[in-house]
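This briefing is meant for a reader who is meeting the structure for the first time. It moves from pockets and cavities to nonpolar cores, aromatic rings and the backbone.

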Amino acid sequence: MEISQLRALREVHDRGSIAAAAQALEVTASSVSQQLTALQRKAGTALTYKVGRRTALTPAGLALCSATVDVEIALAKADEAVSSFRDSALEPVSVAAFHSAGLAFFGPLERALADSDGPAVQLFDQDVAQKDFATLAADYDLVIAHRLPNSAPWPATVKATELAYEPLDVAVSSRHRLAQRKSVKPADLRGERWISVHRGFPLEGAIEMIGTIAGEEVEVAHRVNEFFVAASLVEQGDCVSLMPRYLLSQRYFADLVRLPLRDPRLGRRIDILARPESMERAAVLHVINVLQRVMRELLEPGCPQGRYC
């Protein structure tokens with residue numbers, strides 16, 4: 001039984017005719033008749049009968065009409081629950097992020113929400129291949145994802161909110177032959193051993209592009225997805241790697257040198273992904289707003305410590 005059929009039956013009972021019910025429901029009388037016929041077929045017994053020009057309900061129809069009131073009450077309560085959930089800025093929000101984003105965002109996000117009495121957040125680290133970020137939006141309210149600018153756009157199943165475009169620098173040890181350079185180009189990196197990411201992850205294509213421009217196939221010595229670990233390897237060894245400019249703070253690494261890459265200038269897009277319905281929730285929008293403020297602080301380090309500009 002469909003709610004539209006039950007509503008048609010109730011209106012006929014309350015208003016006494018199919019024509020009056022149709023006017024109240026803002027549909028045609030033919031539509032109301034069809035709804036009642038379908039409902040009667042489903043019930044397996046007569047629900048209405050004619051009394052002169054009026055349409056009355058049989059005992060079965062009256063019983064079903066009474067039950068319709070209970071259905072409407074349940075639907076109203078459900079609508080109110082959904083509305084309260086959607087409009088509340090305090091409902092918990094789950095946030096997943098790739099590793100370097102988690103390192104940069106999770107601490108400031110939790111602190112900022114606690115200071116402003118914002119919603120509770122449930123934080124998860126999820127480092128997946130680029131094609132799988134959108135899928136995570138089925139399990140989390142918000143997903144902080146990254147992709148290379150020339151890669152396929154995020155699918156239409158998710159809504160993307162841009163956080164920033166982050167340049168990628170070449171990282172070397174302070175003892176490396178290139179450490180004193182102001183910047184490097186692909187040709188300068190010929191013969192280097194690289195720390196790359198696992199296959200299918202966004203930065204793999206960028207490193208391969210450097211080798212192609214330099215005229216050689218890059219030698220991948222290690223595959224490490226966690227930038228913190230990769231930076232430690234670069235700092236203590238003789239490998240090079242690509243490092244994010246903003247999301248990995250230099251304060252952790254005294255002997256790591258990051259060199260801007262010239263021709264091409266590589267970078268990645270950092271986006272927040274969510275299912276469209278999640279974007280209707282006040283709490284989700286509040287968390288997005290805080291994440292944008294945290295990102296601005298990373299881009300504008302001149303802000304007073306502890307304040308998001």
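Helix H7 and strand S8 (219-223) each supply at least two residues of the lining of the second largest pocket, and the largest share of that lining, five residues, comes from H7. The model is a predicted one, and the points below are grouped by topic.

**The second largest pocket**

- The volume of the second largest pocket is about 160 Å³.
- Its lining is made up of Ser196, Arg199, Glu204, Ile207, Glu208, Gly211, Thr212, Glu216, Glu217, Val218, Val220 and Arg223.
- By residue type, the lining of the second largest pocket divides into three nonpolar, three polar and six charged residues.

**Cavities**

- Searching the whole structure gives two cavities of 30 Å³ or more, and the largest cavity holds about 90 Å³ of space.
- Around the largest cavity stand Phe98, His99, Ser100, Asp127, His146, Val197, Phe201, Pro202, Leu203, Asn225 and Phe227, a lining that divides into six nonpolar residues, four polar and one charged.
- The second largest cavity holds about 40 Å³ of space, and the residues that line it are Ile195, Ser196, Val197, Leu203, Ile207, Val224, Phe227, Ala230, Ser241 and Leu242.
- To the lining of the second largest cavity, strand S7 (193-196), helix H7 (203-214), helix H8 (227-236) and strand S9 (240-244) each supply at least two residues.
- What is the division of this second lining into nonpolar, polar and charged residues? The lining of the second largest cavity has eight nonpolar residues, two polar and no charged.

**Nonpolar cores**

- The largest nonpolar core has 41 residues, of which Phe105, Phe133, Leu142, Ile144 and Val287 touch the most other members.
- Elements S3, H5, H6, S5, S6, S11 and helix H9 (282-299) each supply at least two residues of this core, and its largest share, eight residues, comes from H9.
- Another core, of 35 residues, lies apart from the largest one, and among its members are Val224, Cys239, Leu256 and Leu261.
- When neighbours within four places in sequence are left aside, Val287 is in contact with Val93, Val95, Leu109, Leu113, Pro119, Val121 and Leu142.

**Aromatic rings**

- A pair of aromatic rings is described by the distance of the centres and the angle of the planes.
- The structure has four aromatic pairs when rings whose centres lie within 6.5 Å are taken as paired.
- One of these pairs is formed by Phe98 and Phe133, which meet edge-to-face with 6.3 Å centre to centre and 75 degrees between the planes.
- This pair links distant parts of the chain, 35 residues apart, with Phe98 in the loop between strand S3 (93-97) and helix H5 (99-115), and Phe133 in helix H6 (residues 133-136).
- Both Phe98 and Phe133 are buried.
- Phe133 also forms an edge-to-face pair with Trp154, at 6.2 Å centre to centre and with 90 degrees between the planes.
- That second pair, too, links distant parts of the chain, 21 residues apart, because Phe133 lies in helix H6 while Trp154 lies in the loop between strand S5 (142-147) and strand S6 (159-173).
- Phe133 has a relative accessible area of 0% and is therefore buried, and Trp154, at 13% relative accessibility, also counts as buried.
- Together, Phe98, Phe133 and Trp154 form one aromatic cluster.

**Backbone features**

- Most residues other than glycine have a negative phi, and most peptide bonds are trans.
- The peptide bond from Asp263 to Pro264 is cis, with omega near 10 degrees, and Pro264 lies in the loop between strand S10 (256-259) and strand S11 (267-274).
- Asp263, found in the loop between S10 and S11, is not a glycine and yet has a positive phi of about 50 degrees.
- Is Asp263 buried or exposed? With a relative accessible area of 60%, Asp263 is exposed.
- Glu26, placed in the loop between helix H2 (18-25) and helix H3 (29-43), is a residue other than glycine with a positive phi, near 60 degrees.
- A relative accessible area of 74% makes Glu26 exposed.

Conventions. Residues numbered from 1 in each chain as written. Predicted model: local features only at pLDDT ≥ 70, side-chain atom pairs only at ≥ 80, totals over all residues. Heavy atoms only, no water. Phe/Tyr/Trp six-rings, centres within 6.5 Å; stacked < 30°, edge-to-face > 60°. Helix = DSSP H or I, 4+ residues; strand = E, 2+ residues; numbered from the N terminus. Buried < 20%, exposed > 50% of the residue type's maximum accessible area, 1.4 Å probe, protein only. Core = buried A, V, L, I, M, F, W, Y, C linked by side-chain atoms within 4.5 Å. Contact = heavy atoms within 4.5 Å. 1 Å grid on protein atoms, 1.4 Å probe; cavity = no way out; pocket = protein on both sides within 12 Å on 5 of 7 lines; lining within 4 Å. Points joined across faces, edges and corners; volume = space filled by probe spheres on them. Nonpolar A, V, L, I, M, F, W, Y, C, P; charged D, E, K, R; others polar.
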